[in-house]
Amino acid sequence: MIDRSAQLEIRRTLRGLLWVSPWIVGFLAFLALPMGLSLYYSMTDYSILERPLWVGLENYRALWDDPTFWKVMRNTVVYALLSIPLGTATALGLALLLNHDVRGIGVFRTAVFLPTFVPLVAAAMVWMWLFNGDFGLVNQGVRAALRPLGVEFRGPNWLDEAAWNMPALVIISLWMIGRAVVIYLAALQGVPRELYEAGSIDGMSPARRFWHVTAPMISPVILFNVIIAIIDAWQVFAVPYVLTRTIGGPDKAMYFYTHYLYDNAFLFGPKMGYACAMAWIQLMIILGLTAATFVVSKRYVHYAAA
Amino acid sequence: MRESKNQVVVTGWPRRRGRRVVGVLRRGGLYAALIGVSLLYALPLLWMLSTSVKPTTQTLQNPPRWLPEPVSILPRQAYDNYIGRVGPAGEVIARGVWHDPVIDFPLYLRNTLIVAALSVTGMVLSSAVVAYGFARLRWFGRGPLFVVVLATMMIPFPVLMAPLFLIFRELGWTGSLKPLWIPAWFASGFNIFLLRQFYMQIPREYDEAATIDGCGHWGIFWRIILPLSKPALAVVALFHFIFVWNDFLGPLVFLTRQEDFTLALGLQMYQSQAGNTPWNLLMAASALVIAPVLVLFFLTQRTFVRGLSAGGLKG
């Protein structure tokens, strides 16, 4: 026989579960189930049209021998290694610049923030136009800037020459950095004023003040943004997809992990099992990188008592 | 972004005498940097607007011009590009974004609005209810389950899209808009987290007073918590609206019929395979897709910043 307090506890738990039940149902149906299915399919040969056929770890072994897999892996890693440090530096620099309390600052902040509201497809289209080798504004600007120096430089065909694809994509990613800037801006405004006053009494240079006061104080926010950037970089899809349409442009220089996964799942075959194996590898990489970032950053991130 | 009262000026100007000249120079340099950076960020969008009011023949120009030539054709050309011209029998004489026999912009707009309305409503309601369960009720297993909620934020969509497609196909949802809005009725990790943080700042005395007045939990939720959390609910609605409006991969994977396409997906149809993209129409269509989001942001930015900072996301 259950006593009254235990009965009350059970009723409370049931009530709590009832309130959160929409999330539980969604979690089971649209997250746990697909992840479980994905793990199972990743060990099968599955073309949707026929029943999945168990092949064990064959898909993972095939990926290991697949040059395209390594190509997209390499592209994605290079993109992450370029866009994350450059993006962090740019966003921090912009936030420091926009943190001045001067007249009209709202307009400047809005200008930097606006691009984040542009749908990725529209952004890709506009930049495709800007990067056009002959008529694009980027090259016209490059030419106009170099002409007074006596240099006649046509400018590269950003989207048609494999070597210039990655720089073009990184430039677009820096243009859409507004969300990180806003988060840094909020963090900068949370740094206690007294710390700077103490710093200026000591006659610190602005650079030293940044490294010794500002950076440690906002380091948890930097960590947060870097983790978001890692997760985002591994999902990069819409912009290169729209820019190239066919697989990854010249020499597959803009063929990324998610795009190859998409092609395997919905175009090639389809090779559902292969795509699911890629999905699980992607998940493991993202979780691993996030965990590693946490561990490595422990020495550098400063958590002030709230 | 609204300027907050307790703003910190990081590089204050030294107040010592004789430093005034340095101060003026610094201020000038600061403004030069601010204007330069803003122009750089605004330029692509300004160029988009500029191209959207030019005739096709002037879109490929070297050196570039900001206005059509002659300038007097601008209003007419803008009308032609954005709207298009229709003859007496309803036939399209000049192809514009709105009247276009090739790309059905009004239909894609309708689809996007249907998905946005259903999906935002579902997301706000379900997240509000679930967050109440995590913020205001005490029960066994609440803590661990909330950790799972937070962990789900880390799972990227590309990992799930292939099996989700198969599940939706099994449910018979493919070939309709359902895959894009039904899942929104089951809350999401980020929104639950945001609303829970907001609810926790509402004093518990309100709940107690309501309980004495004979309110149950549903009454407390409906009469007290919901009205007090309007700014946070607005943030959830706005974020989710922008997500739905801009989402590309979801529609690309789940929409199998062209009649169901959303704007983000329809936009890429301007990019013709043959290589003669109608740049002016494409830019006009892009401007039309961006416009509502910008207007919405300007209208709601005060509520937006309030909801975000109160939600504990600031700093």
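Here are some notes on this predicted model, chain by chain and site by site.

1. Let me start with chain B as a whole. Its secondary structure consists of 13 helices and 2 strands. The chain has 315 residues, and buried ones make up 49% of them. Among contacts with a sequence separation of 6 or more, 66% join residues 24 or more positions apart. The accessible surface of chain B is about 15300 Å², and carbon and sulfur atoms account for 64% of that area.

2. Next, a look at the salt bridges, of which there are 10 over all chains. The pair I would open first in the viewer is B:R136 with B:D207, where the N to O distance is 2.9 Å. These two partners tie together distant parts of the chain, being 71 residues apart. B:R136 sits in the loop between α3 (105-135) and α4 (142-152) of chain B, while B:D207 belongs to helix α8 (residues 204-212) of chain B.

3. Are the two partners in that bridge buried or exposed? B:R136 has a relative accessible area of 5%, so this arginine is classed as buried. B:D207 also counts as buried, because its relative accessibility is 8% and the cut-off for buried is under 20%.

4. For another setting, turn to B:E259 and B:R257. Their salt bridge has its closest N and O atoms 3.5 Å apart. Here B:E259 is partly exposed, at 44% relative accessibility. Its partner B:R257 is partly exposed as well, with a relative accessible area of 36%.

5. Chain A has a salt-bridge network worth a moment of your time. The residues linked in it are A:E58, A:R61 and A:D65. Within this network, A:R61 and A:D65 form a salt bridge whose closest N and O atoms lie 2.8 Å apart. A:R61 counts as partly exposed because its relative accessibility is 46%, which falls between the 20% and 50% cut-offs.

6. There is also a positive patch on the surface, and both chains take part in it. Its members are A:R11, A:R12 and A:R15, together with B:R138 and B:R204. Which element supplies the largest share of the patch? That is helix α1 (residues 4-19) of chain A, with 3 residues. A:R12 is located in this helix, and its relative accessibility of 38% makes A:R12 partly exposed.

7. Chain B carries a nonpolar surface patch too. B:L43, B:L46, B:L49, B:W66, B:L67 and B:V71 form this patch, and together they have about 510 Å² of accessible area. As one of these residues, B:L67 lies in the loop between α1 (20-52) and α2 (74-82) of chain B. With a relative accessible area of 44%, B:L67 is partly exposed.

8. If you are stepping through the interior, B:S119 is a good stop. This serine is part of helix α3 of chain B and is buried, at 1% relative accessibility. Which residues does B:S119 contact, leaving aside neighbours within four places in sequence? They are B:L180, B:W181, B:A184, B:H240 and B:V244. As a ruler for the region, the C-alpha atoms of B:S119 and B:F146 are 23 Å apart in space, with their positions 27 residues apart in sequence.

9. Another buried serine is B:S229, whose relative accessibility is 0%. B:S229 falls in the loop between α9 (217-228) and α10 of chain B. Apart from its neighbours within four places in sequence, B:S229 is in contact with B:F198, B:Y199 and B:I202.

10. Finally, B:N246 is a residue to check where the two chains meet. B:N246 is in helix α10 (residues 230-246) of chain B. Which residues does B:N246 touch, not counting those up to four places away in sequence? From chain A there are A:F117, A:V118 and A:P119, and from chain B there is B:A264. At 13% relative accessibility, B:N246 is classed as buried.

Definitions and conventions: Residues are numbered from 1 along each chain as its sequence is written. Chains are lettered from A and ligands numbered from 1 in the order in which they are written. This is a predicted model: local features need pLDDT of at least 70, side-chain atom pairs count only at pLDDT 80 or more; totals for chains, interfaces and linings use all residues. Side-chain values use heavy atoms; hydrogens and water are left out. Patches are made of residues with over 30% relative accessible area and no salt bridge: like charges are joined within 9 Å, nonpolar side chains (Val, Leu, Ile, Met, Phe, Trp, Tyr) within 5 Å. Accessible areas come from the Shrake-Rupley method with a 1.4 Å probe; for residues, only the protein chains shown count as cover. A salt bridge is a side-chain nitrogen of Lys or Arg within 4 Å of a carboxyl oxygen of Asp or Glu. Lys and Arg count as positive and Asp and Glu as negative; His and the chain ends are not counted. The place of a charge is taken as NZ of Lys, CZ of Arg, CG of Asp or CD of Glu. Helices (H or I, at least four residues) and strands (E, at least two) are DSSP runs, numbered from the N terminus. Buried means under 20% relative accessible area, exposed over 50%, partly exposed in between (1.4 Å probe, protein chains only). Contact means heavy atoms within 4.5 Å.
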